[in-house]
Amino acid sequence: MSAPVIEVQMGFETTTGFGNPFQLDTATYGKLTAESSLIYDNAAEGTSSSAGGGGLFAAGSGTVSLVSTDVYDNTAVNDGGGIYLDDGTLTMTSSDIYGNTATQDGGGLLIDTGTSTCRLGGINDNTAGDK
């Protein structure tokens, strides 16, 4: 993998309720594109029952695009150890989600509402407590 354009690492957030160091409101901001990037070693440990998205929490009707990007070794106290998508669209191309952990659902990826497409990548070796 070439040098990352975006690198989110060792983030830790407990004060906002959702508990994620990398949150995106795609309804307001529209789109996030991460290319040749890394999202790893982050933790979502908020107090809200919806605390999740250890690597990335995206809410709203916009688009998240991951191209040649790895999301790994993130944890969530609740759902979506790697990514929590709360509406919108996630498109992954040549990207992988692996080694993430959620205490409840969606070890690698939790889609509350919305859609996802994965091309030439994968979601594997993630752990979830409930499912």
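Two strands count as paired if DSSP finds at least two bridges between them. I start there because that rule decides the first pairing I want to show. This is a predicted model, and the pairing is between β4 and β8. Strand β4 covers residues 31-35, strand β8 covers residues 63-67, and the two run parallel, joined by five bridges. One of the partners is easy to find on screen: glutamate 35 is bridged to valine 67 in β8.

Stay on β4 for a moment. Its side chains alternate along the strand. Leu32 and Ala34 point to one face and are buried. Lys31, Thr33 and Glu35 point to the other face and are not buried.

Now the chain as a whole. It has 131 residues, of which 47% count as buried. There are 16 strands and one helix. Taking contacts between residues at least 6 apart in sequence, 84% join residues at least 24 apart. The accessible surface is about 5,900 Å², and carbon and sulfur atoms account for 48% of that.

On confidence, the average pLDDT over the chain is 79, and 73% of the residues score at least 70. The stretch to treat separately is residues 9-19, where pLDDT stays under 50. The model still has 38 contacts beyond four places in sequence for that stretch.

Next, the interior. In soluble globular proteins, nonpolar side chains tend to be buried together. Here the largest nonpolar core has 14 residues. Which of them touch the most other members? They are Val64, Leu66, Val71, Ile83, Leu90 and Ile97. Strands β4, β7, β8 and β11 each supply at least two residues of this core, and the largest share, four residues, comes from β11. For orientation, β7 is 56-59 and β11 is 83-93.

Then the aromatics. The count is three aromatic pairs. Tyrosine 40 and tyrosine 72 are stacked, at 5.0 Å centre to centre and 5 degrees between the planes. Tyrosine 40 sits in strand β5, residues 38-40, and tyrosine 72 in strand β9, so to speak of distant parts of the chain is fair: the two are 32 residues apart. Both tyrosine 40 and tyrosine 72 are buried.Phenylalanine 57 and tyrosine 84 make another pair, with ring centres 5.0 Å apart and planes at 40 degrees, so this pair is tilted. Phenylalanine 57 is in β7 and tyrosine 84 is in β11, so the pair ties together parts that are 27 residues apart in sequence. Phenylalanine 57 is buried, with a relative accessible area of 4%, and tyrosine 84 is buried too, at 7%. There is also one aromatic cluster, formed by Tyr40, Tyr72 and Tyr98.

Last, the backbone. Most residues other than glycine have a negative phi. Serine 68 has a positive phi, near 50 degrees. Serine 68 is in the loop between β8 and β9. Is serine 68 exposed or partly exposed? Serine 68 counts as partly exposed, because its relative accessibility is 26% and exposed would need over 50%.

Aspartate 125 also has a positive phi, near 60 degrees. Aspartate 125 lies in the loop between β15, residues 122-124, and β16, residues 127-128. With 66% relative accessibility, aspartate 125 counts as exposed.

Definitions and conventions
Residues numbered from 1 in each chain as written. Predicted model: local features only at pLDDT ≥ 70, side-chain atom pairs only at ≥ 80, totals over all residues. Heavy atoms only, no water. pLDDT = per-residue confidence, 0-100. Contact = heavy atoms within 4.5 Å. Buried < 20%, exposed > 50% of the residue type's maximum accessible area, 1.4 Å probe, protein only. Core = buried A, V, L, I, M, F, W, Y, C linked by side-chain atoms within 4.5 Å. Areas by Shrake-Rupley, 256 points an atom, 1.4 Å probe, with all protein chains shown as cover. Phe/Tyr/Trp six-rings, centres within 6.5 Å; stacked < 30°, edge-to-face > 60°.
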